[in-house]
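Biologist: Could you take me through one part of this model up close, and then show me how the surroundings fit in? Keep it relaxed, but don't skip the numbers.

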Amino acid sequence: MSKEHQKYLKELRKKKILIFLGQITIFIIFIILWQLLTDMKIIDAFIVSSPKKIIMTISNLYSNNNLFIHIETTIYETIISFVVSMIIGIVIASILWSSQVLAKVCEPYLTILNSLPKVALGPIILIWFGTTTTSIIIMAILISSIVLTINIYNGFMNIDENKIKLVKSFTKSKFKLYYYLIFPSNIPTIISNLKICISMSLIGIIMGEFLVSKKGIGYLIMYGSQVFNLDLVMTGIVLLCVVATTLYYLIYYIEKKYEKTTH
Amino acid sequence: MNNLLSIKNVSKVYHTPKGEITAIKNISLNVEEGDFIAIVGPSGCGKSTLLSILNGQEDASNGEIDYHHKTIGYMLQEDALFDWLNVLDNCLIGLKIKGKLNEERKKYVINLLNKYGLKDFIYSYPRNLSGGMRQRVALIRSLAIKPDILLMDEPFSALDFQSRLNISNDVYNILKAEHKTLIIVTHDISEAVTLCNKVVVLSKRPSQIKNIYNINFDENILPSKRRNTSLFNDYYQLVWREIDYE
Ligand SMILES: Nc1ncnc2c1ncn2[C@@H]1O[C@H](COP(=O)(O)OP(=O)(O)O)[C@@H](O)[C@H]1O
Ligand SMILES: [Mg+2]
């Protein structure tokens with residue numbers, strides 16, 4: 001390695017550390033300011049809570065054995081919705097791909113469903129499925145699976161004509177075309193939709209928990225706001241940040257892992 | 001010489017919402033063993049159509065094709081390599097799809113890869129290959145199913161001039177060595193007259209065969225070298241005058 005290159009790498013590392021420090025600093029300043037301003041009563045801790053109070057709330061929840069029940073509930077529901085939505089998205093996209101006529105028939109309905117804010121269906125789902133976990137999960141699935149179906153279907157339809165011609169020169173079977181070309185060439189599309197799916201699922205679950213539940217992070221936030229316990233609301237939001245980030249990085253990890261196997 | 005493929009009075013009419021398009025009309029052609037046949041003609045005249053029919057991807061509207069129990073391989077305009085498969089798996093894809101993959105055929109393919117300069121790239125992915133190498137992989141992929149006749153549809157048009165000269169030589173050497181018969185569509189007259197022993201000129205649509213030229217170069221002169229001969233110029237002029245340019 002040349003001296004110059006070493007210097008370049010050093011600069012690069014320096015820059016990375018600088019960025020990381022910057023990010024951490026902002027976080028710490030934010031927390032300290034928040035605490036100080038509420039301690040000095042410049043802003044009202046009853047309305048905005050404070051870092052200390054949030055930590056207290058979390059430790060209370062923990063000692064009542066409630067903390068992990070809420071977190072687990074939300075994660076569990078999100079993952080179920082995520083998995084089911086992925087399966088629904090892939091299966092429906094595959095069916096639509098296999099029949100152009102069916103796809104054309106369904107097109108306007110998919111567009112309507114996609115543009116409809118799915119929250120509006122909340123009350124109906126509640127009536128049909130009751131105030132149960134099932135309702136929450138169904139709502140989340142509705143939210144994420146439609147976008148997913150459309151994205152994956154578009155991926156299936158967007159295949160290089162030449163590659164299709166090539167496979168067709170070997171076989172007339174539509175299934176083989178799907179199996180050897182359409183599906184494998186869309187694995188990157190599917191992988192990149194995992195992220196969309198997990199965040200959509202989480203949105204759906206939180207929304208569902210707002211409407212229905214007796215546990216989960218969404219419930220914490222909703223309950224907190226109903227009894228005007230802003231500490232609980234803020235705690236819920238903090239927990240949500242942690243859960244969302246964890247799930248995101250989980251997917252990110254899967255993505256990287258996949259990239260490694262193909263590069 | 002043996003007849004490998006007999007095309008008799010083949011026509012193709014496409015039906016579109018706007019009307020009928022007669023792409024090709026009464027095409028008759030005999031392909032003999034070892035022939036390298038170039039098909040040239042104005043763009044949109046029906047060259048690709050003819051190849052698709054020969055390959056069985058489209059049905060002819062009229063006419064007959066006798067394959068004499070020979071098999072056909074097909075190579076397209078772009079290499080269409082699958083970027084999620086390595087070079088070997090790309091070459092085996094036809095065999096896999098046809099359910100004909102076995103050890104012997106795999107060995108045959110690996111042997112071809114070794115022989116034609118891809119030895120160190122068997123497990124590489126396509127994105128790491130040069131344009132010329134990708135074309136060779138695509139060629140070996142179409143040879144993997146051991147076709148008697150190879151159809152090529154403007155296979156090198158995406159390459160730069162220098163690579164085209166090289167791949168022209170490669171194709172010539174490889175196909176001669178493997179005893180294949182070739183039908184190649186090209187818009188490049190130089191490519192047609194240097195690579196092939198027959199040049200079929202199609203008219204504009206509805207296209208028919210205007211003329212068939214026999215090209216007689218010494219077998220041992222490589223296509224790229226043929227360009228420097230006066231014979232080349234004569235053939236070039238002959239074919240060029242025959243094509244209906246709009
Ligand atoms: N699938 C199709 N449906 C309708 N028309 C087609 C189809 N394929 C080709 N054509 C028409 O047939 C004619 C010949 O096409 P093609 O064989 O691709 O020409 P070439 O390869 O000589 O440029 C063109 O006018 C084209 O528009
Ligand atoms: Mg064409």
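Modeller: Here is a walk through helix α4 of chain B, then its neighbours, the chain contact and a few local details. Keep in mind that this is a predicted model.

Let's start with the helix itself. Helix α4 of chain B covers residues 131–143, and its 13 residues at 1.5 Å a residue should span 18 Å; the end C-alpha atoms are 18 Å apart, so the expected and modelled lengths agree. Most of α4(B) is covered, with eleven of its 13 residues buried. The buried set takes in G132(B) and M133(B), then Q135(B), R136(B), V137(B), A138(B), L139(B), I140(B), R141(B), S142(B) and L143(B). As background, an α-helix has 3.6 residues a turn, so residues three or four places apart point the same way.

What does the covering? Within chain B, the cover includes β5 (72–75), α2 (87–98), α3 (103–115), β6 (149–153) and α5 (161–177). Chain A takes part too, through its α8 (161–170).

Two of those covering helices deserve a closer look. In α2 of chain B sits L88(B), which counts as buried because its relative accessibility is 4%, under the 20% cut-off. Leaving out residues up to four places away in sequence, L88(B) touches K106(B), V109(B), I110(B), L113(B), I122(B) and Y123(B). L88(B) and P126(B) are 38 residues apart in sequence, yet their C-alpha atoms are 10 Å apart in space.

Over in α5, the residue to pick out is R164(B), which forms a salt bridge with D188(B), the closest N and O atoms being 2.9 Å apart. D188(B) lies in the loop between β7 (181–185) and α6 (189–195) of chain B while R164(B) is in helix α5, so this pair ties together parts 24 residues apart in sequence. Both ends are buried: D188(B) has 16% relative accessibility, and R164(B) has 14%. E191(B) joins R164(B) and D188(B) in a network of salt bridges.

Chain B has another buried pair worth a glance. The side chains of K198(B) and D35(B) meet in a salt bridge at 3.0 Å, N to O. K198(B) is in strand β8 (residues 198–202) and D35(B) in the loop between β2 (19–32) and β3 (36–40), so the bridge ties together parts 163 residues apart in sequence. K198(B) and D35(B) are both buried.

Now for the contact between the chains, since α8 of chain A is among the elements covering α4(B). Chain B brings 20 residues to the contact and chain A brings 19 residues. About 1,800 Å² is buried between them, and carbon and sulfur atoms give 65% of that area. How many salt bridges cross this interface? The rule finds zero between chain B and chain A, although the structure holds 13 over all chains.

One of those sits in chain A, where E255(A) and K195(A) meet at 3.4 Å, N to O. E255(A) belongs to helix α12 (residues 230–262) and K195(A) to helix α10 (residues 187–211), so the pair links distant parts of the chain, 60 residues apart. E255(A) is buried, with a relative accessible area of 12%.

Still in chain A, S144(A) is placed in helix α7 (residues 133–157) and is buried at 1% relative accessibility. Apart from residues up to four places away in sequence, S144(A) touches S81(A), S85(A), C197(A), M200(A) and S201(A).

For contrast, chain A also has a nonpolar patch on the surface, with about 1,000 Å² of accessible area together; among its members are I17(A), F20(A), L21(A), F27(A) and M40(A). M40(A) lies in the loop between α1 (3–39) and α2 (45–48) of chain A.

Finally, some backbone details in chain B. Most residues other than glycine have a negative phi, and most peptide bonds are trans. H68(B) has a positive phi, near 50 degrees, and H69(B) has one near 60 degrees. H68(B) is found in the loop between β4 (62–66) and β5, and H69(B) lies in the loop between β4 and β5 as well. H68(B) is partly exposed at 27% relative accessibility, while H69(B) is exposed at 81%. The peptide bond from R205(B) to P206(B) is cis, with omega near -10 degrees, and P206(B) is in the loop between β8 and β9 (209–214).

How values were computed: Residues are numbered from 1 along each chain as its sequence is written. Chains are lettered from A and ligands numbered from 1 in the order in which they are written. This is a predicted model: local features need pLDDT of at least 70, side-chain atom pairs count only at pLDDT 80 or more; totals for chains, interfaces and linings use all residues. Side-chain values use heavy atoms; hydrogens and water are left out. Helices (H or I, at least four residues) and strands (E, at least two) are DSSP runs, numbered from the N terminus. The expected span of a helix is 1.5 Å times one less than its number of residues. Buried means under 20% relative accessible area, exposed over 50%, partly exposed in between (1.4 Å probe, protein chains only). Contact means heavy atoms within 4.5 Å. Patches are made of residues with over 30% relative accessible area and no salt bridge: like charges are joined within 9 Å, nonpolar side chains (Val, Leu, Ile, Met, Phe, Trp, Tyr) within 5 Å. Accessible areas come from the Shrake-Rupley method with a 1.4 Å probe; for residues, only the protein chains shown count as cover. A salt bridge is a side-chain nitrogen of Lys or Arg within 4 Å of a carboxyl oxygen of Asp or Glu. Buried area is the accessible area (1.4 Å probe) that two parts lose on being put together, summed over both.
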